[in-house]
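Subject: Structure for your files

Hello,

Here is the structure I said I would pass on. My notes are underneath.

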Amino acid sequence: MPTKKIPKQDFVINLIKEVLRKRGVVQSQEDLCYHVLDGLKKYDKKYVLSPRRVKELVIKIPNVEIKAKTKKIPKMTKLDKCPVCDKKVSKIYGKNLLNKKIHIGYVCRRCGYTTDLESFMPMKYLFLWKTVKGKV
Ligand SMILES: [Zn+2]
């Protein structure tokens with residue numbers, strides 16, 4: 001019977017470090033998750049890991065530089081009036097992984113219509129291993 005096992009935080013962090021030190025750069029959080037999970041499975045096939053958890057843990061590692069790339073869909077970047085009731089819409093802001101305030105969508109205060117740009121322009125993250133000079 002296959003049961004799932006959640007790896008401990010330190011264990012995952014160590015594997016993330018290992019993967020990034022070896023590869024130098026990983027192109028996305030899904031990719032990073034894939035490689036880390038690969039390492040976990042060598043210890044126990046029951047280990048599970050989600051890209052979201054990897055993302056939460058990777059930001060705790062000081063040696064890792066994270067670069068965010070945003071894909072913009074020009075059609076969605078501007079909306080002045082609500083397509084439902086024609087009232088002026090307000091912008092919604094959110095934070096990305098780097099704690100930067102980003103515009104993520106629009107909301108209509110009258111009828112409740114919302115658009116969420118994030119679902120149209122997924123953030124892509126790049127993870128880079130920084131070598132600290134004098135320390136390895
Ligand atoms: Zn409206």
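The notes below deal with helix α1 and the two helices it packs against. Please keep in mind that this is a predicted model.

Helix α1 covers residues 9-23. Its 15 residues should span 21 Å at 1.5 Å a residue, and the end C-alpha atoms are indeed 21 Å apart, so the length agrees. The buried residues of α1 are Val12, Leu15, Ile16, Val19 and Leu20. Looking down the helix axis, these buried residues fall within an arc of 130°, which means that they line one face of α1. Asp10 and Lys22 are exposed and sit on the face turned away from that buried side. Just past the end of α1, glycine 24 has a positive phi of about 85°.

Next, the packing against α2, which runs over residues 29-43. The axes of α1 and α2 are 9 Å apart and make an angle of about 115°, so the two helices are roughly perpendicular to each other. The crossing of α1 past α2 is right-handed. On the α1 side the contacts come from Val12, Leu15, Ile16, Glu18 and Val19, and on the α2 side from Leu32, His35, Val36, Gly39 and Leu40.

Helix α3 is made up of residues 51-58. Its axis comes within 10 Å of that of α1, with a crossing angle of roughly 80°; α1 and α3 are therefore also roughly perpendicular to each other. Here Gln9, Val12, Ile13 and Ile16 of α1 meet Val54, Leu57 and Val58 of α3.

Regards

Note on methods:
Residues numbered from 1 in each chain as written. Predicted model: local features only at pLDDT ≥ 70, side-chain atom pairs only at ≥ 80, totals over all residues. Helix = DSSP H or I, 4+ residues; strand = E, 2+ residues; numbered from the N terminus. Expected span 1.5 Å × (residues − 1). Buried ≥ 20, exposed ≤ 12 C-beta atoms within 10 Å, placed from the backbone. Arc of directions from axis to C-beta. Axes fitted to C-alpha atoms, helices over the stretch in contact; angles between N-to-C directions. Parallel < 35°, antiparallel > 145°, perpendicular 65-115°, else oblique. Left-handed = near helix turned anticlockwise from the far one by under 90°. Contact = placed C-beta atoms within 7 Å.
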